[in-house]
Amino acid sequence: METWSLTALSVLLGLVVRWSVSLNSYSGAGKSPLYGDYEAQRHWQEITYNLPVYQWYFNTSDNNLQFWGLDYPPLTAYHSLLCAYAAKLINPDWIALNTSQGYESPAHKLFMRTTVFIADLNLYIPAIVLYCFCLKETSVNKKVSILLCILLYPGLILIDYGHFQYNTVSLGFALWGVLGLSYNWHLLGSLAFCLALNYKQMELYHALPFFCYLLGKCFEKGLNGRGLALLMKVAFAVVASFALCWLPFLTDLEQILQVLRRLFPVDRGLFEDKVANVWCSLSFILKIKNILSPRTQLLLSFAFTVLALLPACIKLTLQPTLKGFKFALVICALAFFLFSFQVHEKSILLVSIPVCLIISEVPFVSTWFLLVSTFSMLPLLLKDGLLLPYIVTTLTFLLASVTVLSIHEKISEEALRLKAFFLLLQVHFPGLGVWTNAINYFFMVSVAVMAVVTFMSSVLIPPVRFPDLFPVLVSSISCAHFMIFLIYFNIVYLWDSQNKKNLKKTC
Amino acid sequence: MAARRPAGGSGRFWFLALALGVSLLKCLLIPTYYSTDFEVHRNWLAITHSLPISQWYYEETSEWTLDYPPFFAWFEYGLSHVAKYFDKEMLVIQNLNYSSKATVLFQRFSVIFTDILFIYAVSECCKTIDGKRAKQNVLDQPAFILAVLLLWNFGLLIVDHIHFQYNGFLFGLMLLSVARLSQKRYLEGALLFAVLLNLKHIYLYIAPAYGVYLLRCWCFTACKPDGSVRWNSFSFLRTISLGSIVCFVFALSLGPFIVLGQLPQVLSRLFPFKRGLCHAYWAPNFWALYNAVDKSLSIIGMKFKFLDADKIPTASMTGGLVHEFQHTILPTVTPLATLICTFISIMPSVFCLWFKPRGPHGFLQCLTLCALSSFMFGWHVHEKAILLAILPFSLLSVKSRKEAGIYLILATTGHLSLFPLLFTPPEFPIKILLMLLFTLYSFSSLKTLFRKEGPLLNWPETLYLIGLVPLEVVCEVIYPLTAWNERLPFIPLLLTSVYCAFGISYVWLRLCVAVLTEPTAMRHRKDH
């Protein structure tokens, strides 16, 4: 069959899965008085449509910030405004000031789901398709397989179409940024990434690799001539796009500060709920939140985050390659997720999407990671009543990756990109046998454990003494996985033999 | 479509992947809308579970009385014993329209699980496809394409897993018996078909094909060199074995009711001729065209004062919404007339099957033609009955270019005519996406399969099929926004069914011509 029809079939399959998931319930459905993220998004439409810009981020009589106050950057607000105009056309009740609070109806659900679908279809999916087709050194069949797997990644589908959020917008912009950099359109890339940043501040997890890569490119071209020009141009693009996004708020310093206060609520603590990062997992043993002062917590998390991402960032700055850029994206996002301050369980998506990008490099581990990342959100999905779609989409993804990517065959040292590292290991510790076949068993054990925990959390009632037993289990298991993945990705990136060869050639 | 695996896919691996993939998709469709058929089947569960056999065909608390043959009732009886572990309340007859979460899950999963029979049947059918065309790429092999066309069939997906019915395992039985016949395991095939008939009597439509084929190929053991039957080769032993199997199955099914003296009651439930000529939504068949002609004539007549407006029955103007459609100009059609039309239209294909035996290929052609003829001329035909023609014809579509072309028209038109089944807004994107998925796949895969033999469709056919797109856009997007939608809400349904009726009629004609004109010489070789 022709490439285009294979591509279209993959995209259609992805869309079918997306829309079927969207028929399920959303977060906070019928849960008065606070509801969930669905109500938050609807509320923002109401706020942005009915209130003047300068009141959006302030607590007023009409804008109670305690009830899902706007806490995302301006681009989210504009998007809400756009949706609100559409809503107004269909049914003004949906966004009526104050009276529409907690509005729920099948028609409204359909409308909200459609807005996500449209955003996805226009931003995220084209970016993924383009990305898969610019992959080098792969056959058409392989490109389509990768496309299918990325499109079927359950985590994003479940959060956006089930739980209800617009992650595809911010992640889509970030992907366009990656695309821009891979086609050497540095300005366009930085512009797209700035839009991503201005849609969700969590995109900061990806900011360092972008910065380091572009900086590295400037160094490569020589800081005196073309490099400097590039640096200036990129800096200008960043400043200009930020200024454009923030234009309505630039009238007053207090406005800017208030928006920033809303974006970075430092006083909300080290972590919320049960999230699969290091601090939360540690706190099951050691109550860090109680022992250390908030300031120390902030410093501690900052220090660990920097330590975890520093090696990758340094290497990227010195050798700005595309492959390295993708790995650095994974490592930085994962480091932020594991160690930084105030992390949400949904932030794992910021790691997952870069992992999707390296699915062609390390298919086995990437798929594994993507499975674990979906599993780490299980408590949230259970709360939203998304157990069935969670199981089905996860199995679909597993099936797709086993059949079209044949991940189970890609566990040699070469395929895992660990050859260089193992060679080094054997030089220093002769006699140390390394056997990669075992990794298949680890994978199966890991999948089995996830299946068992999923079963337990959905069926069994936790003992009275430990009401949070299952969420704790889920997050600590996922956290252990993520730590190992972080180490693995670091090893693969830092010992990348291909880069060394290239270096030798250039020297 | 899950198995987009390059060369070297080992054994049944890709088939399993396809089957698993579509089963997962079915699970995803669980929360979708379901029609009143859901309540129908729940009611039957309750009837068979809580009443003795003697009451099964008399119970009428719900309007959805049991109107399938006894084996299906037994099937529901078996299911009900699993259902009680999900939710006992669904087995109470008085709980009309009961649909707890557990009930929905149980009913949906029962369809998905019984589809295993369908999956098995498809795998058997794929084995009958010869691997002569074996290519490097699994994707381009006829057996793979056939598996996708059957397993991922759009019509079956939406009718069974969204609209809610149990066609999957029934079609499984049908395909399995077809596969057995082409493997020359005739008695097994006959047994399966007899069981199928006692599960759902709609398969009577294709019974003539089975009867003639079995008589010709099983009861007569030899042919003359020119392909005609050698009368003295009639085998009594074979005929008796065949007859006893069929009679045994029917005795098992209808026997208890004959003993109870309820046979007339059972039959009156199975064949309700009290219903109208056409279903509420006209199936795209000959009668849809007939009604449309009648209606346009009456409108023209009124406009030019040929007709007296007072004499026209008012019900006819809301046609499509009422069950009884009264013709104003053309003669009103009686059940007997449709029966005769159906009989006559089936005849040519059955005669060909007898006089020009062409092995399994000819049998399949005849079977499709039987199904299609009854669809075209039958009394109170449901639009879903088109699947009876589409599914067996899929087997032929991978065999020759000409049939691939006919299949594409039949499947696309037939599937589009199923669209009105799903009218709820949340399911709108699903039906469009699934339809695109299936249609795109069938076109591109069959085109690739026969790329060396030229195009599959000529330009009028292509134009007709492209016309389906604006038709759908007008009917489901533009028309509901216009002011006419309030006054004449049935226009989109009417347009769809008339437009599709042209396509189906064309396919029927082409198929008739193909069966009648195809030379006998070719399958001589196949037969011997």
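1. Chain B of this predicted model contains 22 helices and 0 strands. Of its 528 residues, 58% count as buried.

2. Contacts in chain B span long stretches of sequence: counting pairs at least 6 residues apart, 77% join residues at least 24 apart. The accessible surface of the chain is about 21,600 Å², and carbon and sulfur atoms account for 70% of that area.

3. Two domains are assigned in chain B: domain 1 covers 174–271, and domain 2 covers 335–527. Their centres, taken over C-alpha atoms, are separated by 27 Å.

4. The two domains of chain B touch through 23 residues of domain 1 and 22 residues of domain 2. The size of an interface is often given as the accessible area lost when the parts come together. Between domain 1 and domain 2 of chain B, the buried area is about 2,000 Å², with 82% of it from carbon and sulfur atoms. On the domain 1 side, Y205(B), V212(B) and Y213(B) lose the most area to domain 2, and together they make up 29% of what that side buries.

5. As for polar interactions, the count between domain 1 and domain 2 of chain B is 0 salt bridges. There is 1 residue pair in polar contact between these domains, where both residues must be at pLDDT 80 or more.

6. On the side of domain 1 of chain B that touches domain 2, α8 (167–182) and α10 (207–219) each supply at least two residues. Helix α10(B) gives the most to that side, with 7 residues.

Notes. Residues are numbered from 1 along each chain as its sequence is written. Chains are lettered from A and ligands numbered from 1 in the order in which they are written. This is a predicted model: local features need pLDDT of at least 70, side-chain atom pairs count only at pLDDT 80 or more; totals for chains, interfaces and linings use all residues. Side-chain values use heavy atoms; hydrogens and water are left out. Helices (H or I, at least four residues) and strands (E, at least two) are DSSP runs, numbered from the N terminus. Buried means under 20% relative accessible area, exposed over 50%, partly exposed in between (1.4 Å probe, protein chains only). Contact means heavy atoms within 4.5 Å. Accessible areas come from the Shrake-Rupley method with a 1.4 Å probe; for residues, only the protein chains shown count as cover. Domain bounds come from an automatic or database domain assignment. Buried area is the accessible area (1.4 Å probe) that two parts lose on being put together, summed over both. A salt bridge is a side-chain nitrogen of Lys or Arg within 4 Å of a carboxyl oxygen of Asp or Glu. A polar contact is a pair of N or O atoms within 3.5 Å; within protein, one must be able to donate a hydrogen and the other to accept it, and residues adjacent in sequence count only if both atoms are side-chain atoms.
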